[in-house]
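Work through these exercises with the sequence and the 3D view side by side. Try each task before you read its solution.

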Amino acid sequence: MASIYGDVTKIDTSGASERTARQDKLTVQGVDASHKLAANDLSRMSRYKDIITKVGNDLEMDPAVICGIISRESRAGAVLKDGWGDHGNGFGLMQVDKRYHKPKGEWNSEEHINQGTEILIGFIKNIQAKFPSWSKEQQFKGGISAYNAGPGNVQTYDRMDIGTTGNDYANDVVARAQWFKMKGY
């Protein structure tokens, strides 16, 4: 399923930085690294495929993009302790930040994935309003960047990831999402 917010397969991406690739001790970076990171999360991600697909369909968001965020944020749950990450500030598979949102549901529930996806959609809409001349895909990528560092961090298209975790957040998430798309998400 595509998204009303754009087609993730048409978004340009440079993929993961060397810093992000080091999570899995990879010797490559860029799109290849993002694809390997996603592949390493696939078996865990498959546990949530039905929920991700349902939320994606309900909210008109590409399930592959939800997977890309879940892979980047929590490695499909692998890095969480009792559902929490980011020094106790991020909750669940999509790492909803308790400092800005009241987490909903269990850490791996449909309610949680729905909340994280609604937060993403809110950021996409914010970027659409902020940059009305950008293409749908550019706005989509900007919204993904804002999911990590807030819409105020997105100043230009080419430098939207400067200030995100690893300075590669949207590029990495998009490349992972493109990989999950090829795997039937």
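Below are five exercises on this predicted model, each with a worked solution.

**Exercise 1. The span of a helix**

Task: Find the reach of helix H4 from its first C-alpha to its last, and set it beside the expected value.

Solution:
- Step 1. Locate H4. This helix runs over residues 63–74 and has twelve residues.
- Step 2. Work out the expectation. The expected span is 1.5 Å times one less than the number of residues, and for H4 that is given as 16 Å.
- Step 3. Compare. H4 reaches 16 Å from first C-alpha to last, close to the expected span.
- Step 4. Check the ends. Asp62 caps the N-terminal end, with a side-chain oxygen 2.8 Å from the backbone nitrogen of Ala64. Just after H4, Arg75 takes a positive phi of about 55°.

**Exercise 2. Covered or uncovered?**

Task: Decide how many residues of H4 are buried, and name what covers them.

Solution:
- Step 1. Recall the cut-off. Buried means under 20% relative accessible area.
- Step 2. Count. Twelve of the twelve residues of H4 are buried. Among them are Pro63, Cys67, Arg72 and Glu73.
- Step 3. Look around the helix. The cover includes helix H1 (18–21), helix H2 (31–45) and helix H3 (49–59). It also includes helix H5 (110–130), helix H6 (136–149) and helix H7 (169–182).

**Exercise 3. Three residues, three places**

Task: Classify Arg47, Tyr147 and Asp172 as buried or exposed.

Solution:
- Step 1. Place Arg47. This residue is in the loop between H2 and H3. Arg47 counts as exposed because its relative accessible area is 58%, and exposed means over 50%.
- Step 2. Place Tyr147. This residue is in helix H6. Its relative accessibility is 10%, so Tyr147 counts as buried.
- Step 3. List the neighbours of Tyr147. Its contacts include Ile69, Glu73, Met94 and Phe123. The side chain of Tyr147 also reaches the backbone oxygen of Met94 at 2.7 Å.
- Step 4. Place Asp172. This residue lies in helix H7. Its relative accessible area is 0%, so Asp172 is buried. Asp172 touches residues including Thr13, Ser34 and Arg72.

**Exercise 4. The largest pocket**

Task: Describe the space in the largest pocket and the residues that line this pocket.

Solution:
- Step 1. Take the volume. About 780 Å³ of space lies in the largest pocket.
- Step 2. Count the lining. There are 29 residues, and Glu73, Asp86, Gln95, Asn148 and Thr165 lie nearest the centre.
- Step 3. Sort by class. The lining has ten nonpolar, twelve polar and seven charged residues.
- Step 4. Sort by element. H1, H4, strand E3 (96–97), H5 and H6 each supply at least two lining residues. H6 gives the largest share, four residues.

**Exercise 5. Positive phi at the pocket**

Task: Find the phi values of Asp86 and Gln95, then say which is buried and which is partly exposed.

Solution:
- Step 1. Recall the rule. Most residues other than glycine have a negative phi.
- Step 2. Read the angles. Asp86 has a positive phi of about 50°, and Gln95 has one near 55°.
- Step 3. Place them. Asp86 lies in the loop between strand E1 (84–85) and strand E2 (90–91). Gln95 is in the loop between E2 and E3.
- Step 4. Classify. Asp86 is partly exposed because its relative accessible area is 41%. Gln95 is at 10%, so it counts as buried.

How values were computed: Residues numbered from 1 in each chain as written. Predicted model: local features only at pLDDT ≥ 70, side-chain atom pairs only at ≥ 80, totals over all residues. Heavy atoms only, no water. Buried < 20%, exposed > 50% of the residue type's maximum accessible area, 1.4 Å probe, protein only. Contact = heavy atoms within 4.5 Å. Polar contact = N/O pair within 3.5 Å; in protein donor to acceptor, adjacent residues only side chain to side chain. 1 Å grid on protein atoms, 1.4 Å probe; cavity = no way out; pocket = protein on both sides within 12 Å on 5 of 7 lines; lining within 4 Å. Points joined across faces, edges and corners; volume = space filled by probe spheres on them. Nonpolar A, V, L, I, M, F, W, Y, C, P; charged D, E, K, R; others polar. Lists of a residue's contacts leave out its neighbours within four places in sequence.
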